Amino acid sequence: MYGHFKGNGIKTYKYNALTFIPLNLFEQFKRAANLYFLALLVLQIIPEITTLPWYTTLVPLVLVLGITAIKDLVDDLARHRMDNEINNRKCEVLLDGRFQVSKWMNIHVGDVVRLKKNDHIPADILLLSSSNPNSLCYVETAELDGETNLKFKMGLKVTDERLQEEGQLAQFDAMIVCEEPNNRLDKFTGTMRWRKERFPLDLDNMMLRGCRIRNTDECHGLVIFAGADTKIMRNGGKTRFKRTKIDELMNYMVYTIFVILVLLCAGLAIGNTFWYEEVGSKAWYLYDGKDQTASYRGFLSFWGYIIVLNTMVPISLYVSVEVIRLGQSKFINWDLQMYYQEKDTPAKARTTTLNEQLGQIEYIFSDKTGTLTQNIMAFKKCTIAGHTFGDPANPVDFTWNKYADRKFEYLDHSLVVCIRSKKDKDTLEFFKLLSLCHTVMVEQKEDELVYQAASPDEGALVTAARNFGFVFLSRTQDTITISEMDQEMTYEVLALLDFNSDRKRMSIILRFPDGRIRLYCKGADTVIYERLSPNSKHKEVTQTALDIFANETLRTLCLCYKDISKQEFDAWAKKHKAASVAMSNREAALDRVYEQIESNLMMIGATAIEDKLQDGVPETIAKLAKADIKIWVLTGDKKGIVSGAARLCGGESLWNLRIRQANRRDQPPAFGRTRKKVPDPFFPEPGRNALIITGGWLNEILYEKKKKRRRLRLKRLGKRPASATPQDAAQPIDDWEKETRQVDFVNMACECEAVICCRVTPKQKANVVSLVKKYKKAVTLSIGDGANDVNMIKTADIGVGISGQEGMQAVMSSDYAFAQFRYLERLLLVHGRWSYIRMCKFLRFFFFKNFAFTLVHFWYSFFNGFSAQVAYEDWFITLYNVMYSSLPVLLVGLLDQDVNDKLSRKFPKLYLPGQQGALFNYKNFFISLFHGIFTSLVIFFIPYGAFLQTMGQNGEAPSDYQSLAVVMASSLIFTVNMQISLETSYWTFVNCFAVLCSIAIYFGIMFDIHSAGIHVIFPSTFTFTGVASNALRQPYLWLTIILTVGITLLPVICIQFLYKTIWPSVGDNVRPAEEKSTPFQRGRRSRRSAYAFSHSRGYADLIASGRSIRRRPATSYRVGLV
């Protein structure tokens, strides 16, 4: 049997002792830059081509490959240790009729295992029984999804009753039919066939590998998936790699440099051909004994120059960029101003590749609940049978209720009076529903009830019912017990129809003690009103109350009920049983069955819950808006406060969109499709506009596939679908019309200063982000805190997760994470802006110093017959990028800042250059190129001119090639290091030390390799014996160096002076005002809307025992409503 399934041993490492070197080198040489330098190394081995010793390329290449290989080796050794530790963990397995200790790697599919408290779960296991009543088992899923709160798993009732003893487990012979191994952590579908019966299995019966047993003394389980087939291992695949705009631009610039290199080499090769024909072949003293044509010599010269000028393509660029990004990520992690002390949560950069992109954000897409708000719910108001309660007054005294939560506050005494009088049946039914219709688990802890809810909304509602006298006490798989005004009542649970983001409601079917069967339902008003009976009362007055609640930014939920006859329930129960064991499309089948029973409901009332904004949210939004960052709110909540304003404006945005689409549809087909022009603005009049769009309208813009297939079928039949709603009136007939509709929506939305998408699904959130990325080519950021935000976070260029009340799914999928929305301001305006400025300055100077260094060879070629002779000493070429010029520019990329963090936040306009890409683009690249050309001209021709007619102190002319090389190299080192000093805005001791140290290292190494001692040991390698000491003791040559450096730096100083005085940047204007800065005035708090229900799935199928888990110790806007 074992041959059909994978073993439980895992292998996450990539290399072993034999494969490390070949595999690692193979991976590294898949990078174009490394492969290019390997090809150069091969060329340098060919005697007829080589113009430089092989070590000039080998040393930098080995350094780059070695650093990367060491990093990969350290990572892989850690994976080896982790694999060995996990595979050798111990577990009790049922073998030969009794439990025996075995290693994890020896566990197979079909084994029965016994787990104890605090044990790690070795595989994906079907829970059979546990020591807790009703086979309830508590697991911690921190390694799976990052959440530390405990989850509930539950065995089937039949296995709980029959599989408790070792002998019973040894005789267990069920057949499990289930889905193929997959990576869906939120879904499992299977059926157990045992003793001629079929039992449905789902995720609530499964304990997944990566979890840990908590608060359960002992449990037994059957291994379903093992090793690489487990869900956590299936989720170990590669995620989508995000790249920054600077990355893409940098790659294109490297390609541009390569093209320039090839053109230069071709030109110099042609020059060598003509020179040899005109001069070289006629000079007897240049004869080398080789009978080669001028064309062939030109061909060899081309490859020689490829080697000489190879440093134009920077080998160390990518390694340096990674070092800078790593350092910037550490700065984010270490920032105490982004540390949330209340929850001991620091900011975390979960990637090291996107830091500079934080300085280029144009659009932010934000969730509302838990992201902008605290996601800590408080029951504020309610409407019951047409009467609204909750007007502010003095706090209500709940001392009459022994179960009351002391933290609960309510301000309307009339509701308490109404309940305690027991005269209003609707009010009593209202709170009875709240105490019964939920998936909350309860635990008795020190004479105190502790509730654990799937969502903060549900916890707030059950707590409210508890304080008003309807106290949820306990539950089992089949019953739920409450205290109704001090009278304990137990109800039989016949069915629990759980919540999900598509249903937007949950229901419970109960049998009362007197035999009646009743369905209780709570959910969003949009789905509840569709299912109300025509005879239901209070619909209009409840809708009015809902609008008022929404305008007060409260989250709302409708409550209703339905009485069911025994015959109706029995017929429905059979359909429910069949749907629950379906192996394909089980969820869809259950939803269809749920729809049948959730109809003809009777309205009771509605609740209103408050979710306050987080601290600093209005101020953060105001600051980001001043930085020209547009914020879109994508939420599953109601239109809320903006609905009234939108109705007053008559839906101007929607009207403009309809008119434009209608006009385009009336045009001849060819006219609209071929004519390209700048679109007219939707809002020609100046002013601030806002757009609110609902999920239904967004579907029409996104044009979902199901609707498309339906309309295509109707189109083939020559029909047009009827317009059930206004937005269905004019559907796209082809891809062109669909695209133009999407472009119109994006253009209109981008003209607005505020965009709110209400009642949107997680998929729609991601689609909106994709639209803006596609049609605006903008850098986007998504921020959220829940599982419903994961898709949006992954789709955006940068994803930010907030570690809030909805678990850690968003954080686990994010690029950056922190605890409060207000930290986003510092992340973007300080760290993002600094990272962008530093990276741009680093790249500009890196390209400049390589051009200035390499192009000296180009000018020297005009005086050596284009013979590919190098202008510098070989070891200087080898060490220039490694030792002499790397550290100062690297520190600028790590530490530089134009203004401090306070001014960066005080003046958000400083952020604009990053959005415009103004600091690094092709213009800046060519400026660096021409700056390098000018510097190389001066560095070559001034020493060359000085050496033409000069005399040393000893009467000898120091006009030899070697002395010229030393003077040019010294001039270059001084120029490059002083140039980076001029570019440095923020000086520290480290920067100063790096500049002086680089110059000192150059002279120290140069005198060493020019010494007689090393020449004696390696005579053929070190040929510049005594050159440095001889040349640099001549004052004339020092004067030449000073003159060369001065001429190269003087234009730079003049240009910088002109820019700072005549054309100052925003940063130049801000710096003088640093001492005069004033505190920022806090803005007014904004308002927000919501609807009360979580997007996450509840605990419906987990309800079992009476025990529960333990909890661990005001601007005016024109608004378009769509």
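Let's start with helix H25, which runs over residues 762-776 of this predicted model. With 15 residues at 1.5 Å a residue, H25 should span 21 Å, and its end C-alpha atoms lie 22 Å apart, so the expected and computed spans agree. Which residues of H25 are buried? They are Gln764, Lys765, Ala766, Val768, Val769, Leu771 and Val772. Among the elements that cover these buried residues are strand S14 (363-366), strand S26 (630-634) and strand S29 (780-784). Helices take part in the cover too, including helix H22 (695-702), helix H24 (735-750) and helix H26 (790-795). Just after H25 comes Lys777, with a positive phi near 50°.

Now for the charged pairs. Side chains of opposite charge can pair when their charged atoms come close. The structure holds 40 salt bridges, and a few of them are worth a visit.

Take Lys116 and Glu92, which form a salt bridge with their closest N and O atoms 3.6 Å apart. This pair ties together distant parts of the chain: Lys116 sits in strand S3 (residues 112-116) and Glu92 in strand S1 (residues 90-95), 24 residues apart. Is each partner buried or partly exposed? Lys116 has a relative accessible area of 37%, so it counts as partly exposed, while Glu92, at 18%, is buried.

Another pair is Arg234 with Asp229, where the closest N and O atoms are 3.0 Å apart. Here Arg234 is partly exposed, with a relative accessible area of 35%, and Asp229 is buried at 10%.

Then there is Arg531, whose side chain meets that of Glu595 in a salt bridge at 2.7 Å, N to O. These two also come from distant parts of the chain, 64 residues apart. Arg531 is in the loop between helix H14 (525-528) and helix H15 (539-551), whereas Glu595 belongs to helix H17 (residues 586-597). In this pair Arg531 is buried, with a relative accessible area of 13%, and Glu595 is partly exposed at 36%. The story doesn't stop with two residues: salt bridges that share partners join Arg503, Arg505, Glu530, Arg531, Glu595 and Glu598 into one network.

From charged pairs, let's move on to the open spaces. The second largest pocket holds about 1,600 Å³ of space. Its lining is made of 42 residues, and those nearest its centre are Arg844, Leu919, Asn924, Glu983 and Tyr1059. Several helices give two or more residues to this lining, among them helix H32 (912-916), helix H33 (922-948), helix H34 (961-983), helix H38 (1035-1061) and helix H39 (1066-1070). Which helix gives the most to the lining of this pocket? That is H28, with eight residues. By class, the lining of the second largest pocket divides into 21 nonpolar, 11 polar and 10 charged residues.

Our last stop is the largest cavity, with about 130 Å³ of space. Phe37, Thr56, Thr57 and Pro60 are among the residues that line this cavity, and so are Asn310, Thr311, Val313 and Ile315. Ile877, Thr878, Asn881 and Val882 belong to the lining as well. Helix H3 (55-87) and helix H29 (874-884) each supply at least two of the lining residues, and H29 gives the most, with four. How many charged residues does the lining of the largest cavity have? There are no charged residues in this lining, which has six nonpolar and six polar ones.

Note on methods
Residues numbered from 1 in each chain as written. Predicted model: local features only at pLDDT ≥ 70, side-chain atom pairs only at ≥ 80, totals over all residues. Heavy atoms only, no water. 1 Å grid on protein atoms, 1.4 Å probe; cavity = no way out; pocket = protein on both sides within 12 Å on 5 of 7 lines; lining within 4 Å. Points joined across faces, edges and corners; volume = space filled by probe spheres on them. Nonpolar A, V, L, I, M, F, W, Y, C, P; charged D, E, K, R; others polar. Salt bridge = Lys/Arg side-chain N within 4 Å of Asp/Glu carboxyl O. Buried < 20%, exposed > 50% of the residue type's maximum accessible area, 1.4 Å probe, protein only. Expected span 1.5 Å × (residues − 1). Contact = heavy atoms within 4.5 Å.
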